[in-house]
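These are my notebook entries on a structure that I consulted for a reader who has not met it before. I set down what I looked up, topic by topic.

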Amino acid sequence: MAILESHGADEVVTGSCHLLKLENGMRILVDCGMYQGREEPRNWEPFGFNPKKVDALLVTHAHLDHVGRIPKLVKEGFRGPIYATEATFELANIVLLDSAKLMEEDYRTRYKKAQRRGEEKDVRPPLYTVEDVENVWLRPTIHVKYGKWFRVGKGVRARYRNAGHILGSAFIEIEYTEGEGKKRIVFSGDLGNKVEVVMPRIEHAKIADNLVIESTYGDRDHRPLKESIKEFKKVVRDTLLNRGNVIIPSFAIERTQDLLCVLKQMYKDKELPYCKVFLDTPMGIRTTNVFNKYVDQLSPRCQKFYKEDGEVFQFPGLIFTPEVEDSKRINDVARGAIIIAGSGMCTGGRILHHFKHQIWNRRNAVIFVGYQAEGTIGREIVEGAKWIKIYHEDIRVRASIHTINGFSAHADQDELIDWMKAFKRLGNVFLVHGELEKQLVLKKVMKKRMKKEPIIVEEGKDYFLD
């Protein structure tokens with residue numbers, strides 16, 4: 001009998017890492033993500049399984065909480081092939097290199113401070129380095145296409161289907177031989193929603209003897225995107241017409257591309273006042289260029305833009321600023337600018353410099369379109385802080401602050417239920433990638449609407465698959 005174990009994203013949102021142990025002895029790992037937020041120290045703990053005994057790694061998509069521990073996995077002995085879509089490999093390389101560089105920089109800073117105290121021996125090294133990331137790609141990397149079955153091992157095949165979450169994202173069907181018959185397990189990865197700004201709608205599967213499904217927003221439905229876009233447009237227009245600047249902290253993958261798509265539509269509809277739009281995030285620029293390569297995997301709206309303009313995201317007034325000097329020159333723009341910068345949670349990056357130069361000005365506006373974790377400057381601002389400290393300087397918050405929900409790349413409760421209802425045959429359901437209180441809400445709703453009682457997965461526990 002096959003066994004499922006989770007070594008991440010168990011009653012928490014980050015660190016996705018699920019091990020499928022088959023009757024024939026094969027071990028398949030689905031995702032190997034990094035813990036984030038208050039769970040971050042868990043990244044340095046042992047995996048809970050022997051990486052040397054894992055036969056294959058199947059990656060659903062390139063977000064850090066799904067790929068962030070792959071270099072650690074390889075460092076500790078994994079030698080099998082890695083499967084993912086071509087776009088996922090490209091984005092994962094960008095994400096992992098960025099992660100490694102940040103960890104190396106952080107280590108150097110902590111080491112220097114420790115040296116001054118004579119405590120350098122106590123400084124923990126980075127989880128992995130740039131060299132470790134480069135070593136990942138020395139493994140066999142197998143590009144898979146949506147909708148096509150491929151062989152993973154003896155009696156085992158898999159198929160990727162578009163999850164509509166970010167570029168290259170997939171849910172994975174794995175079919176394996178057990179006794180005289182065949183069984184099928186589906187790993188959802190992260191499922192997208194129905195809004196179709198940049199990503200197309202999620203596909204559906206028909207059969208799952210066992211389903212491992214994310215539950216990030218299992219407790220709620222999103223605000224309708226039309227309302228969010230309407231509010232976004234109003235803040236942008238009002239601020240620009242008031243001769244101010246708009247500052248938007250944004251995540252490099254998917255959220256940034258959503259914003260560019262909305263702004264481009266505003267330009268085409270003559271709703272965007274004259275302005276300059278600065279994409280001031282090197283990682284966001286690199287990922288946007290990757291999105292441009294895979295137009296056929298984007299939404300109908302993006303494909304329409306490409307047919308009309310030969311470009312998906314570019315429009316007059318949009319300026320990419322990859323270099324530090326380019327970024328600094330934005331400070332000279334006193335009015336009429338929209339600045340999209342990372343990091344999305346305001347934990348570092350160029351957005352902090354823009355806050356320093358812009359957030360004290362009453363004419364300006366800050367728009368948050370993503371979750372701000374506890375303990376971040378972004379969270380302080382959202383919760384109404386009048387002063388913030390940036391680079392040891394106290395800055396007055398006078399700009400208008402706007403939190404606009406509805407741009408989430410995750411399916412909400414209703415969409416999760418609808419997706420599961422589309423299965424013609426659905427067996428056991430295992431909930432992962434969600435906070436426990438949200439999973440309990442989804443569990444209750446599933447019992448009521450689907451007459452099905454899911455299992456909330458616990459860390460390292462064996463689940464025998466029927």
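**Entry 1: the second largest pocket**

I sorted the residues lining the second largest pocket by class and obtained 4 nonpolar, 3 polar and 2 charged residues. I note at the outset that the model is a predicted one. I then listed the lining by name: Thr85, Glu86, Ala87, His143, Val144, Lys145, Tyr146, Tyr294 and Gln297. For the space inside this pocket I recorded about 160 Å³. I also looked up which elements contribute to the lining, and found that helix 3 and strand 6 (141–144) each supply at least two residues.

**Entry 2: serine 99 in helix 3**

I stayed with helix 3, which spans residues 86–117, and located serine 99 within it. Is serine 99 buried or exposed? Its relative accessible area is 7%, which is under the 20% cut-off, so I entered serine 99 as buried. I next looked up its contacts, leaving aside neighbours within four places in sequence, and found Met34, Leu64 and Tyr128.

**Entry 3: the open sheet**

I returned to strand 6 to see which sheet it belongs to. It is part of an open sheet of 7 strands with mixed pairing, and I wrote down the order as 6-5-4-3-2-1-22. Which strands stand at the edges? They are strand 6 and strand 22 (463–464); each has a single partner strand, so one side of each lacks a neighbour in the sheet. Within this sheet I examined strand 4 (residues 56–58) and strand 5 (residues 82–85), which pair in the parallel sense over 2 bridges. Leucine 58 has tyrosine 83 of strand 5 opposite it. As background, I noted that strands of a sheet pair through backbone hydrogen bonds, in either a parallel or an antiparallel manner.

**Entry 4: arginine 184 and strand 10**

I placed arginine 184 in strand 10, residues 181–187. Its relative accessibility is 12%, and I therefore recorded arginine 184 as buried, the cut-off being under 20%. Leaving aside neighbours within four places in sequence, I found arginine 184 in contact with Trp149, Arg157, Arg159, Glu173, Ile174, Glu175, Ile207, Ala208, Asp209 and Asn210. I checked one of these partners further: aspartate 209 is 25 residues from arginine 184 along the chain, yet their C-alpha atoms are separated by 5.4 Å.

**Entry 5: strand 11 and its partners**

I followed strand 10 to strand 11, with which it pairs in the parallel sense over 3 bridges. In this pairing, isoleucine 185 stands opposite asparagine 210 of strand 11. How many residues of strand 11 are buried? I found 7 of its 8, so strand 11 is largely enclosed by the rest of the structure. Strand 11 (residues 207–214) also pairs in the parallel sense with strand 20 (residues 425–432), over 7 bridges. There I noted isoleucine 207 opposite arginine 425 of strand 20.

**Entry 6: from strand 20 to strand 21**

I continued from strand 20 to strand 21 (residues 455–456); the two run parallel and are joined by 2 bridges. The bridge partner of phenylalanine 430 in strand 21 is isoleucine 455. Lastly, I looked up the handedness of the unit made by strand 20, helix 13 (residues 436–449) and strand 21, and recorded a right-handed β-α-β unit.

Key. Residues are numbered from 1 along each chain as its sequence is written. This is a predicted model: local features need pLDDT of at least 70, side-chain atom pairs count only at pLDDT 80 or more; totals for chains, interfaces and linings use all residues. Side-chain values use heavy atoms; hydrogens and water are left out. Helices (H or I, at least four residues) and strands (E, at least two) are DSSP runs, numbered from the N terminus. Buried means under 20% relative accessible area, exposed over 50%, partly exposed in between (1.4 Å probe, protein chains only). Contact means heavy atoms within 4.5 Å. On a 1 Å grid over the protein atoms alone, a cavity is a set of points where a 1.4 Å probe fits but cannot get out, and a pocket is an open set with protein on both sides within 12 Å along at least five of seven lines; lining residues have an atom within 4 Å of a point. Grid points are joined across faces, edges and corners, and a volume is the space filled by probe spheres set on the points. Ala, Val, Leu, Ile, Met, Phe, Trp, Tyr, Cys and Pro count as nonpolar, Asp, Glu, Lys and Arg as charged, and the others, Gly among them, as polar. Two strands pair if DSSP finds at least two bridges between them. A crossover is right-handed if, with the strands pointing away from the viewer, the path from the first strand over the helix to the second runs clockwise.
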